[in-house]
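Let's take a walk through a protein model together. Have a look at the sequence and the 3D view, and keep them handy while you read.

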Amino acid sequence: MPKYALCLVDIKTLGTKTFSYLIPDELKDKIHIGIPVLVPFGPKRTIKAYVVGFSDYLEEGIKAKYILDVLDYTPMFNLEYLKLLEWVANYYFSDLPTVLKTALPSKFFEKNVKNYRKPNKKQIIFDTKKENSNIKLSVEQEKVYKEIIKVDAPVSLLYGITGSGKTEIYFKLIEDTIKKGKNVLFLAPEIALVSQLTIRTIKRFGADVLAIWHSSITESEKYGVWQKLRNDEIKILFGARSAVFAPIKNLGLIIIDEEHDEGYKQDMPDPRYSAVNVAKKLSELYGAKIVLGSATPDISSYYRAINSNSLFVLKKRYNDAMLPKVIIVDMRLEREFKNNGLFSKFLIDKINERLKNKEQVILLINRRGYSTYTQCLNCGKVIECPKCAIPLIYHSTTQSHKCHYCNYEIKNLTECPSCHEKALENFGAGSQRVETTAQSIFPNAIIKRLDSDSLSKKNEHVEILKDFMEGKIDILIGTQMIAKGLDNPNVTLAGVINADLSFNLPDYRSSERGFSILTQVAGRSGRGGNKGEVIFQTFNSDNIFLQNAKEQDYETFYKNEIEMREMFDYPPFSSIIRMILKSKNIFRAQRASMEIAMRLKDWINKLGLSERLIVLGPVPCVIEKLKGDFRFNIMVKNKLDEKGHQTILSFLRKVILPNDIKMVVDVDPSDIL
């Protein structure tokens, strides 16, 4: 047995750190990876820690103390789990304590684990009853299901148009996995979608074999789920991206629904991981099969699936249901006829028609808040966040202007802070404004809004979606939360208030995002017996990607997009490592970024890799100032896979920065804004 145990602790003033402790002779046979132990910390304090490694040596000058006791002889995680977290730390340029802090519930570091207060209210999802299901796979579904179980590839991509019945294939694969005595991890990108899928799965498999894991459940609930997973009491774990770190035993299948979604990527804080990539590493360690599913697959996923013969396609809706008819309304013509409102006359007429027929409507506006910016009509000043170089968003419900990046807020602003005139006007539209406008146009309709601003209490999203499914809501308005996974057969109209929003960002993935969200929201309509319609309101009706979304033609969109990606060496033809240098002083940030970019280019040139590791920048970030920091962007296009990745990160680990300069490294970023 080694002399020292490396123990992970969590200290409020220090954060999550590792320290070495001596192993007492009487505990040498009892100390293993993942064991919770009691250790001394400071002059008089004792704290809980976890054993994460061993060594026979200490750095000179360090005097180690002895471990006091073992708190539980059953490890809370094993060596394979630790290997996964070490891989995450290495790949995403983080460190093991930070990754462990992300992965482990905070309750892990409290000593009296048996005294946790159990939740006093059961999650309403688990009130769902199991139903006798007689649903049979269609001929097309059965064919795809058999192909997936036959294929030898560890990762399969199930591309199926909206309403094609991907979930039924998931259920058949889950059933097979459980029969083999294996367990399942089922990921969805957002909490609202996790809830919907969980309800459907409980109806099929019952609540006793299920658990959920995401940011809306309490730390005590997470700890309880962890214990059940450790005891192999859970067969199916549902969750958002953080569930990929849950220690599922005997893992046989990982399903990642809506695999294209950016919700799987954590942008901040560290580690900036992708749950999809972590799941792939997880499958390597445990030999589990992965099934990715989407109606609008990630471009890179589709490319890899084609080239590994692991693409499986559902081209028809279940029961041969018709795809909804999509109509593009040119809002420029509305302006010519003096209609300057958010709703075209055509959309208003169509909504009234649905309301008359007791059918339901969803309306998408992919912006939160009431308006997108506020401007003084006297001096022209736009009200901006003092910490970030972006306009403040007006929220009508709180009468406040907010920054969605740093949470800066001004309440009850009535006059211009520059010229002091009461000439402020709100421009642009967010979900609150759409809701207010809809209530004035359709006063007799029951209207609800579903976005992150509207959810004030736990499980409120579940209640709203339940009411919508039961027909208690006529019009559901929301951001992209309502564009995915919503399977309500009484929805016969989906309207997009401004279909141009997602296409206008200066980012190489903006076309993919725009096509995806429009195709996804279109797929919510006409999933029952009645024909569905979709209306895209736009100021740019000639946009080729808008036309692709109208036809729900992913293959044509992919063909055009992959040609552009290859031309400019964007993923999948490279992987991207992004560095953001930031400082309170713009000149210091610029100088540091120029120096690092120059040194990195010289390093790559000396290695003779300049054609395979392409350094771009530095340039100011699109959002140049954020949370008081001025930001400059350096981007590397890596065409050397793992070798290139290690080359760049080994260089970055040698970089020493002054205290006033910070560097963020984002591997495989979801955007380059």
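Below we go through a pair of helices, a pair of strands and a few backbone oddities.

Before we start, keep in mind that this is a predicted model.

**Two helices side by side**

Let's begin with helix H3, which covers residues 139-150, and helix H4, which covers residues 166-179. At what angle do H3 and H4 pack? The angle is about 45°, and the two axes are 10 Å apart. Angles under 35 degrees count as roughly parallel and 65 to 115 as roughly perpendicular, so H3 ends up oblique to H4. The crossing itself, where H3 passes H4, is right-handed.

Who does the touching? On the H3 side you'll find Gln-141, Val-144, Tyr-145, Ile-148 and Ile-149. On the H4 side, the contact is made by Glu-168, Ile-169, Lys-172, Leu-173 and Asp-176. Sort these contact residues by character and you get 6 nonpolar, 1 polar and 3 charged.

**A strand with two faces**

Next, find strand E15, residues 373-376. Which residues of E15 sit on the covered face, and which on the uncovered one? Thr-374 and Cys-376 are on the covered face, while Tyr-373 and Gln-375 are on the uncovered face. E15 also has a partner: strand E19 (residues 424-427) pairs with E15 in the antiparallel sense, over 4 bridges. If you'd like to spot one of these matches, look at Tyr-373, whose bridge partner in E19 is Phe-427.

**Backbone oddities in the loops**

Now for some loops. Two cis peptide bonds turn up here, one from Met-268 to Pro-269 and another from Asp-270 to Pro-271. Pro-269 lies in the loop between strand E10 (251-257) and helix H7 (275-286), and Pro-271 is in the loop between E10 and H7 too.

Two other residues have a positive phi although neither is a glycine: Phe-93 and Lys-627. Phe-93 is found in the loop between helix H1 (79-91) and helix H2 (96-103). Lys-627 lies in the loop between strand E25 (613-626) and strand E26 (629-638).

Here are the backbone angles:

| Where | Angle |
|---|---|
| Met-268 to Pro-269 | omega near -5° |
| Asp-270 to Pro-271 | omega near -5° |
| Phe-93 | phi of about 55° |
| Lys-627 | phi of about 55° |

One last stop: is Lys-627 buried, partly exposed or exposed? Its relative accessible area is 38%, and partly exposed means between 20% and 50%, so Lys-627 counts as partly exposed.

Key. Residues numbered from 1 in each chain as written. Predicted model: local features only at pLDDT ≥ 70, side-chain atom pairs only at ≥ 80, totals over all residues. Heavy atoms only, no water. Axes fitted to C-alpha atoms, helices over the stretch in contact; angles between N-to-C directions. Parallel < 35°, antiparallel > 145°, perpendicular 65-115°, else oblique. Left-handed = near helix turned anticlockwise from the far one by under 90°. Contact = heavy atoms within 4.5 Å. Nonpolar A, V, L, I, M, F, W, Y, C, P; charged D, E, K, R; others polar. Buried < 20%, exposed > 50% of the residue type's maximum accessible area, 1.4 Å probe, protein only. Pairing = 2+ DSSP bridges.
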